[in-house]
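Student: I have a model open and would like to talk through how its pieces fit together. Could we go over it one question at a time?

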Amino acid sequence: MKTVGMLIDVTKCIGCERCVAACVEANHLDPVRADHDKAVISDGLSANRLSTVVQLTSDRFAKKACMHCVDPSCVAACLVGGITKSENGAVVYDPDKCIGCRYCMLACPFHVPRYEWGEIVPFMKKCELCEERLAQGEIPACADACPQDVITYGDREELLAEAHRRIQANPGQYLNHVWGEEEFGGTSVMYISDVDLAELGWPDAKAEPIPEMVAPVVHATPYIAGSVLFSVAGLNWVVRRRMQRMGEAESTEGKAHDSEETAS
Amino acid sequence: MNEELSRERIRRIKDIFWILAFVGVVAMVLRFVFGLGATTELTDRVPWGLWKIFNMVGGAALATSGFTIGFLGHVLHIKKLERFVKPAIAIAFLGYGSSLFALLFDIGLPWRFWHPFVYWNIHSFLFEVFWCVSFYFMITFIELSPTLLERIGLAGLRGWLHKFAAVFVIIGITLSSMHHTSLGSLFLVTPQRLHALWYSPIISLLFIISAMGGGMMVLLLLKVLVSYWYEPDRLFSTTKQTSGVIECKACTNPDDNGHGQPSEPPDMPSLRLLATIAAGILGFYLVLKVADLVLRPDAVAALKAGTWESWLYGIEMVFGVVLPIIMVMIPKIRRSASGLAVAAAFAASGLALNRMNVGIFGYFRDAGSVYFPSAVEWAITVGVLSMAGLAFFFLVENFTVFNDNWKLRGLQQRRITSAFDRLTFVWHHRLLTGLERVTLIGVVAVPVAFLLLYPDYHKDPVTMVQQPTAIDLTRDTLLIDGNRTGVSAVFAHKAHQQRLGGDQSCGKCHHLAMPDDQATPCTYCHSAMETDTRIFDHKQHATLVAEDKGLGGWHPENQSCTQCHTPFMAKNAESAKGCLECHEQDMKPVDPPEAKLAMMEAIDYHQAMHQTCIPCHKEEAARVEMAHLGDCATCHYGDVNTLTPQEIEEESSQLASLLSYLGIKR
């Protein structure tokens, strides 16, 4: 199956938030902003808002939701394997496995996973690329709802080519950069823009995916464990044997001493 | 030391621990009743707080002595350190036990704590930490069990277990070295979030080395404390006479044991060796830390920046690492148990601060917000540690943990007393011992804790929208900038008022939906820029309805349900009365909503403003055939904040001229 994704053209966005409204409907979220919601932080994402529109400058807006990384940090972080990369490239969450450790929230470079802080039995919430809608052959709700064709849904490779084509066609209109092409090993949701997107959570992004960055440490673990185990066990054996020898020597000496004494 | 005084002192310490433990239990109850969000200060920005970082990551580091001393004592058979193996294992058992216990309150779904045993993700550092920590905890229990079995008289089983001691020690060392490195690796996945001073590629190595050194220092500190409380003559020569253990007949000078050395308390040499090894490991850690700092240019830059992170880093390194090493190097301090204890206290606090820096403070800059734990978080953290402290006292007093020749000293013996003096009707707290004392503490501490810790649910909602500001005292012209972008819409309030009918016109725009509404700002209900807000206050309604209807009883608000909800039906929105059934008189909605409970929610500010202005403007535009009256730019001039008040006045005077064209005098 091909890997799908979305291309977001920041220059076209008017900030109408229809994508957010469509997202709320498609994910059966509470349309009402919960009144004592301390979890709402500046970008507007919360357990009750899986996507949001961030104002970048006075007339530039951008939709923000899960970037669906090609090699996601959260998938590597989850200790029960509750977050997985599905065949079509979406990063999906299995609430039945989750234990609520919130390591995914720490691991995500984009601060995307949010927690249901208001619930007694809380789960993590994030965009899952409209899994249900895709299964029915529809496209994600936000891409469907956008009145300005800001969000293009399709094959990731094709979208990448399209992004470059748009930048080539109007060199003055865009910064020559496709956000999500290389950052953290690439993301399925990509942006082209004429303003900087740092505010959106594209930090001084490294080209390497985080799981690959830490992979040497992960792979070294069994070897470290093995070497510790065998070196300590070996040391234990050597020391014991040495002590045993010394004990034998002492006891024979002692015996000799005793016999001498008795003899005298 | 006076034994009676010592006894009293231990009892006081235990009392404090009991108080804190009871408060902790209350906090645990509240945590489960009200949920994680209501009882903690954790947010999406700072998802890991005190329980994970201090209790788990810090607690594991402080309890590290189990495996290092196990290695030195049981594998290398260093005679002087063998006496420390049992206390080290006891500390590890209590430390890990309390850490795992605290973690049960931190994870969102604690009844699924067994999931990682069934669902595997071997690429996750947390998975490795979980497995190694939980198995290591079991190993410490097995290692500790001979001590426990001996006490209850199962020596045979103890001997059988002893045969496998070496196996458990070796497995324990392996598991420890794995999880201590993994605890550091946990933070490797946050390269752009953790502050550069602490985000190091060798963080796993730094974690295990610092834990080895700091953990030994914790053991040293506890050894000194236990000696001080229970058997001071083993470490302290408080009196002039020699402690009577080392007696050398050849010596004429009682302070000289014949080897040119003044005699010292019997446990001092092994304590000094422990301190020296710990300081040596800390020295190695210091070298690693300095190399790590110097080789990373971003870290050097961050340190030079002089931010509060640099200061935290400096405090951690100077007081937590350099100072203890120097103290141990000074011969006079090395010969004094209390001097070593002070050095150990510095090292242990430095270790704890390092874990807090890595796990909490190092994330503040990226999070853009500061996290300070809530009362419930503090109460559980401190409560769990107090429980571990009480368990430590229990082990020390009843088992041969610190001293093989331990005899129960009767510290726990209860004096037969009457707590309540029938003659004077007074409780004599000094007479209380044992269970009565604890019960009394519980009876006092639990209700007080409930009062103090009860989560504050009705925090004011975050007002996200900014109220319009006036550029003149009479509020003739308003600047509307709800989303605080600095770009306002200009609204000629007075001109509109005049045009729409003077003082009687308020209701044409303001829906006056609050009971007896006078001057409630729009932002009071429409408090979110782009999303709806629930404005119905159920508790307030229950109270007010009860007052209104004159309901009696202790809690009249609990009698008022059927005033709004249909009797014998579920108390939900379906069975509730419509808002206007009661509020028809005092609230005069401009256009009454169709859904009966629609007034429970306020639409977003953006729409509330637009729906008020645009339809009317469009109508007027069509009526007077001036298309631009319906344009966005009629109100949204651009960045008016850069204009002077005079310029704004001019802009609004253009509006005024428009209005005068329409036949309205300003």
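Tutor: Happy to! One definition before we begin: a residue counts as buried under 20% relative accessible area, as exposed over 50%, and as partly exposed in between. Keep in mind that this is a predicted model.

Student: Thanks! Is His68(A) buried or exposed?

Tutor: Let's place it: His68(A) sits in the loop between β4 (60–64) and α2 (73–77) of chain A. Its relative accessible area is 0%. The cut-off for burial is under 20%, so His68(A) is buried.

Student: What is phi of His68(A) near?

Tutor: Most residues other than glycine have a negative phi. His68(A) has a positive value although it is a residue other than glycine. Its phi is near 50°.

Student: And Phe184(A): which loop holds it, and what is its relative accessible area?

Tutor: Phe184(A) also has a positive phi, near 50°. Its loop runs between α6 (156–169) and β10 of chain A. Phe184(A) is buried, and its relative accessible area is 3%.

Student: Staying with chain A, what is the strand order of its open sheet of three strands?

Tutor: Start from the edges: β9 (151–155) and β10 (189–192) of chain A each pair on one side only. The pairing in this sheet is mixed, and neighbouring strands are turned by 25° against each other on average, direction ignored. The order is β9-β1-β10 (chain A).

Student: Which residue of β10(A) stands opposite Asp9(A)?

Tutor: Strand β1 of chain A covers residues 4–9. It pairs with β10(A) in the parallel sense, over four bridges. Opposite Asp9(A) in β10(A) stands Ile192(A).

Student: How many residues does the hairpin from β3(A) to β4(A) go through?

Tutor: Strand β3 (residues 52–57) of chain A pairs with β4(A) in the antiparallel sense over five bridges. In that pairing, Val53(A) has Lys63(A) as its bridge partner. The hairpin that joins the strands goes through two residues.

Student: Now the nonpolar packing. How many residues does the largest nonpolar core have?

Tutor: In soluble globular proteins, nonpolar side chains tend to be buried together. Here, the residues with the most contacts inside the largest core are Tyr103(A), Tyr191(A) and Phe187(B). Helix α11 (residues 203–230) of chain B gives the most to this core, with 13 residues. The size of the core is 196 residues.

Student: Which residue of chain A does Phe187(B) touch?

Tutor: Let's set aside residues up to four places away in sequence. Among the partners of Phe187(B) in chain B are Trp48(B), Ile53(B), Phe207(B) and Tyr363(B). Its partner in chain A is Tyr103(A).

Student: What about chain B overall: what share of its residues count as buried?

Tutor: Chain B has 26 helices and seven strands. Among its contacts between residues at least 6 apart in sequence, 70% join residues at least 24 apart. Of its 666 residues, the share that count as buried is 47%.

Student: How far apart are the axes of α12(B) and α16(B)?

Tutor: Helix α12 (residues 268–294) and helix α16 (residues 337–359) of chain B pack at an angle of about 35°, and their crossing is left-handed. Residues on the α12(B) side include Leu271(B), Ala275(B) and Leu282(B), while Leu340(B) and Ala347(B) are among those on the α16(B) side. By class, the contact has eight nonpolar, one polar and two charged residues. The axes are 11 Å apart.

Student: Which strands are the edges of the open sheet β3-β4-β5 (chain B)?

Tutor: The pairing in this sheet is antiparallel. β3(B) pairs with strand β4 (residues 477–480) of chain B over two bridges, and Ala470(B) stands opposite Leu478(B). The edge strands, each pairing on one side only, are β3 (469–470) and β5 (489–492) of chain B.

Student: Last one: what distance separates the C-alpha atoms of Ile89(B) and Gly630(B)?

Tutor: Ile89(B) lies in helix α6 (residues 85–106) of chain B and is buried, with a relative accessible area of 6%. Beyond its neighbours within four places in sequence, Ile89(B) is in contact with Gly66(B), Thr140(B), Glu143(B) and Leu144(B). Gly630(B) is 541 residues away along the chain, and the C-alpha separation is 79 Å.

Notes:
Residues numbered from 1 in each chain as written. Chains lettered and ligands numbered in written order. Predicted model: local features only at pLDDT ≥ 70, side-chain atom pairs only at ≥ 80, totals over all residues. Heavy atoms only, no water. Core = buried A, V, L, I, M, F, W, Y, C linked by side-chain atoms within 4.5 Å. Buried < 20%, exposed > 50% of the residue type's maximum accessible area, 1.4 Å probe, protein only. Contact = heavy atoms within 4.5 Å. Pairing = 2+ DSSP bridges. Axes fitted to C-alpha atoms, helices over the stretch in contact; angles between N-to-C directions. Left-handed = near helix turned anticlockwise from the far one by under 90°. Nonpolar A, V, L, I, M, F, W, Y, C, P; charged D, E, K, R; others polar.
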